[in-house]
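Thanks for coming. I will take a few minutes to walk through one structure, so please have the sequence and the 3D view open.

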Amino acid sequence: MIAPLRVIGIGAWAPGAPDWQHLRGILRGEAAPDDDAPARPAGAVLPAAERRRAPDGVRLAADVAAQATAMAGIDPANLPCVFASTHGEVGITDYVCETLARAPLELSPTRFHNSVLNAPAGYWTIATGCTAASSAVTAHHRSFASGLLEAAVFACAEGKPVLFASCDVASSGPLVEMTRTTLAFGVALVLAPGASAGATMGLALSDAMDERFADGGLALPGVTGDNPANAHALALLQRFAAETTSRLRLPLSSGLSLDMEITP
Amino acid sequence: MPERIEPLAITAYSATSALGHGLAAHRAAVRDARGGLAINDFSTAPLECRIGRVAGIEEVALPANVAHWDCRNNRLAWLGLQQDGLRDAIATSVAHHGASRVALVLGTSTASIGATEDAYRRLDHGHFPADLQRPEIHTPHSLAAFVADATGITGPALTISTACSSSAKVFASAERLIRLGLIDAALVGGVDTLCDSVLFGFHSLELVSPRGCRPFDARRDGISIGEAAAFALLERVEAAPDAPRLLGHGESSDAHHMSTPHPEGRGALSALDDALARAGIRADAVDYINLHGTATPKNDEVEAKLLPRFPARTRASSTKGFTGHTLGAAGALEAVITLLAIEHGIVPPNLGCSEPMPEAAKWLALQPREQRIDVAVSNSFGFGGNNACLVFGRGETL
């Protein structure tokens, strides 16, 4: 059992729902996806020069992280952060592999350093002047729950608020058949130790499984695509969009689930 | 400053690198100052450089039940797990604590991207070739998912991928899981393999030495890339009071630049201070520092600015002249070399340096030296300004 955490900031980005308020409306059945919403995350928090170089996954992570920290009213400069992703910067992976197969000496140095899984953490910490610990984690289809556990454990062990973001962008090229990720989706939470008024989340490890989430979760056509981590994230957001306390059990490892009790 | 943490016992550890398979090969190479770098014979197109290639990966055959994980990175992981009784130690830990009370936290930067590169070289009408139609190996979690499958560990299984600090940070994540009582033991480590991505990628950044890395040498001209698998099993001290210990860890971000360290080493210093504070140790108690020491002009210049925090008696060396820079595996590999230094009382030399930078010369160990080492630090710094420092100690010091 992990001590309860306050959820003091939420950010989200999906096609047709470029922020948490909009996605919350969709999840509550009060709004429809906005067909005029930008097709690409804005990455507004990034300085102009960095924004030009930043790939989509970085812009997505920066957008959801900026929403969540603004809602939390916390200066990101001292806020440790954990960025999770199932596949990382897949557009860059496609470019790197295609270039290496054709003309390896033509590989772009900027795109190479953008290919690391911690590119979002790197750009975010540079943009916000964050000198705290930053991490980039993955666990394939269990990336959302595994990253959330990593962030929650950091918050409890160190007694500090932590930013958690989980983002995946659409794949391109031959890689699509392997990743089956066709839509961008991102979520961010600011978790703070100690329960009090406001949204809270209790976390525990369980050896029971909820088969409904084994290969996916809440499917929202046009929003989550085929990426199970995104579907898991959306299942959690749906509970934060609701009025009442609820529970969620997401797959964490081959032997464990992450049990959550969510009070919106 | 963070509070002091309870130390953890390192009840088993091992490394496989260009120096050989297992601890004995590493100990002998360090003692004899014999490096493992050789002329590049790996990249699919010619590239003038030296590499730290592990012998025998091509001959590794994964057992049938995990054969679907086959790729160079997972073969190296499997080879690494066969050394120094690791598999027995893991099995004992799983049996003793329960499979879901053991976590797996591994660092990697390459994962099995080499297999994805291979698929793109052999596309079949725009599709991956049949033998590589295996989605699970074309993800950055391929390594940890394979190791979980191969060891029977069913607890939390996480990949940390923060470039060259990846497999140092795994020690910190595992320590926090144990501190909160969520698990009783953790297998941590890192595995990275040679592939075109890193060879041509670092070449494109003009960071690869054409002849061989010379860490902290006045004439240093870049890194040599290597591959390695390194693992450590962490448990509470009561499990093995005499085993070497993880005493502290510190993590920070530079907030400066994606591929260049902060000029004053701000983030590196803060990670070091945090690690020493968690260990409850002052810098003057540190006997040995395993430096990140990539041999790029910038890294070593910045890292040398940390050395005046330590007394003149503290010995320091980068061991990348032995193994090459093993990137996502470097944190764990150098942690293992640091543990060997503590257990066998030997200061590893800073191989490849014949004309030391004046700023570092006072601390650099240029020759192997037998000396008791009670407390040692290992530094790891990665792209994105991602820093991690670890503090290790002898079993009986605390």
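I will start with what "buried" means here: a residue is buried if 20 or more other C-beta atoms lie within 10 Å of its own. One more caution before the details is that this is a predicted model.

With that cut-off in hand, take helix α2 of chain B, which spans residues 72-81. How many of the ten residues of α2(B) are buried? Ten of its ten, so by the cut-off just given the helix is mostly covered. The buried set includes charged-type names as well as others: B:Arg72 and B:Arg75 are in it, and so are B:Leu76, B:Trp78 and B:Leu81.

Staying in chain B, look at helix α5, residues 142-151. This helix is also mostly covered, with eight of its ten residues buried. Those buried residues are B:Ser142, B:Leu143, B:Ala144, B:Ala145, B:Phe146, B:Val147, B:Ala148 and B:Thr151. What do they pack against? Two helices of chain B, α2 and α3 (86-97), and three strands of chain B, β5 (102-107), β6 (157-160) and β7 (185-192). So that you can find the end of α5(B) on the screen, look for B:Gly152 just after it, which has a positive phi of about 80°.

Now chain A as a whole. Its secondary structure amounts to nine helices and eight strands. The radius of gyration is 18 Å, close to the 18 Å that the globule rule gives for 264 residues, so chain A is as compact as a globular protein of that length. Measured out along the principal axes, if you will allow the phrase for a computed value, the C-alpha trace spans about 55 × 40 × 40 Å. Of the 264 residues in chain A, 63% count as buried. Among contacts in chain A between residues at least 6 apart in sequence, 69% join residues at least 24 apart.

Next, two helix pairs in chain A. The first is α3 (residues 56-72) with α6 (residues 119-128), whose axes are 9 Å apart and meet at an angle of about 55°. That makes α3(A) oblique to α6(A). The crossing of the two is right-handed. On the α3(A) side the contact uses A:Gly57, A:Val58, A:Ala61, A:Ala62 and A:Ala65, and on the α6(A) side A:Ala119, A:Pro120, A:Tyr123, A:Trp124 and A:Ala127. By type, the residues of this contact are nine nonpolar, one polar and no charged. As background, an α-helix has 3.6 residues a turn, so residues three or four places apart point the same way.

The second pair is α1 (residues 20-27) and α9 (residues 228-241) of chain A, packed at an angle of about 85° with axes 9 Å apart. This angle makes α1(A) roughly perpendicular to α9(A). From α1(A) the contact takes A:Leu23, A:Arg24 and A:Leu27, and from α9(A) it takes A:Leu237, A:Gln238 and A:Ala241. Those residues divide into four nonpolar, one polar and one charged.

Two single residues of chain A next. A:Gly9 sits in strand β1, residues 2-13. Is A:Gly9 buried or exposed? A:Gly9 is buried, because 27 other C-beta atoms lie within 10 Å. Setting aside residues up to four places away in sequence, A:Gly9 touches A:Ala68, A:Thr69, A:Met71, A:Ala72, A:Leu189 and A:Val190. A:Leu191 is 182 residues from A:Gly9 in sequence, yet the C-alpha atoms of the two are 7.4 Å apart.

The other is A:Leu258, in strand β8, residues 257-263. A:Leu258 has 25 C-beta neighbours inside 10 Å and therefore counts as buried. Beyond its neighbours within four places in sequence, A:Leu258 is in contact with A:Ala145, A:Leu148, A:Leu149, A:Leu203, A:Leu205, A:Leu250 and A:Leu252. From A:Gly43, which is 215 residues away along the chain, A:Leu258 is separated by 31 Å between C-alpha atoms.

Last, the two chains together. Here 56 residues of chain A are in contact with 59 residues of chain B. On the chain A side, the elements that give two or more residues are α4 (90-102), α5 (109-114), α6, β3 (134-138), α7 (143-158) and α8 (176-179). Which element gives the largest share of that side? It is α7(A), with eight residues. The chain A side as a whole divides into 32 nonpolar, 19 polar and five charged residues.

That is the tour, and I will stop there.

Definitions and conventions
Residues are numbered from 1 along each chain as its sequence is written. Chains are lettered from A and ligands numbered from 1 in the order in which they are written. This is a predicted model: local features need pLDDT of at least 70, side-chain atom pairs count only at pLDDT 80 or more; totals for chains, interfaces and linings use all residues. Helices (H or I, at least four residues) and strands (E, at least two) are DSSP runs, numbered from the N terminus. The radius of gyration is taken over C-alpha atoms; the globule rule is 2.2 Å times the number of residues to the power 0.38. A residue is buried if 20 or more other C-beta atoms lie within 10 Å of its own, exposed if 12 or fewer, and partly exposed in between; C-beta atoms are placed from the backbone. Two residues are in contact if their C-beta atoms, placed from the backbone, lie within 7 Å. Axes are lines fitted to C-alpha atoms, for helices over the stretch in contact, and angles run from 0 to 180 degrees between N-to-C directions. Angles under 35 degrees count as roughly parallel, over 145 as roughly antiparallel, 65 to 115 as roughly perpendicular and the rest as oblique. A crossing is left-handed if the near helix is turned anticlockwise from the far one by less than a right angle, and right-handed if clockwise.
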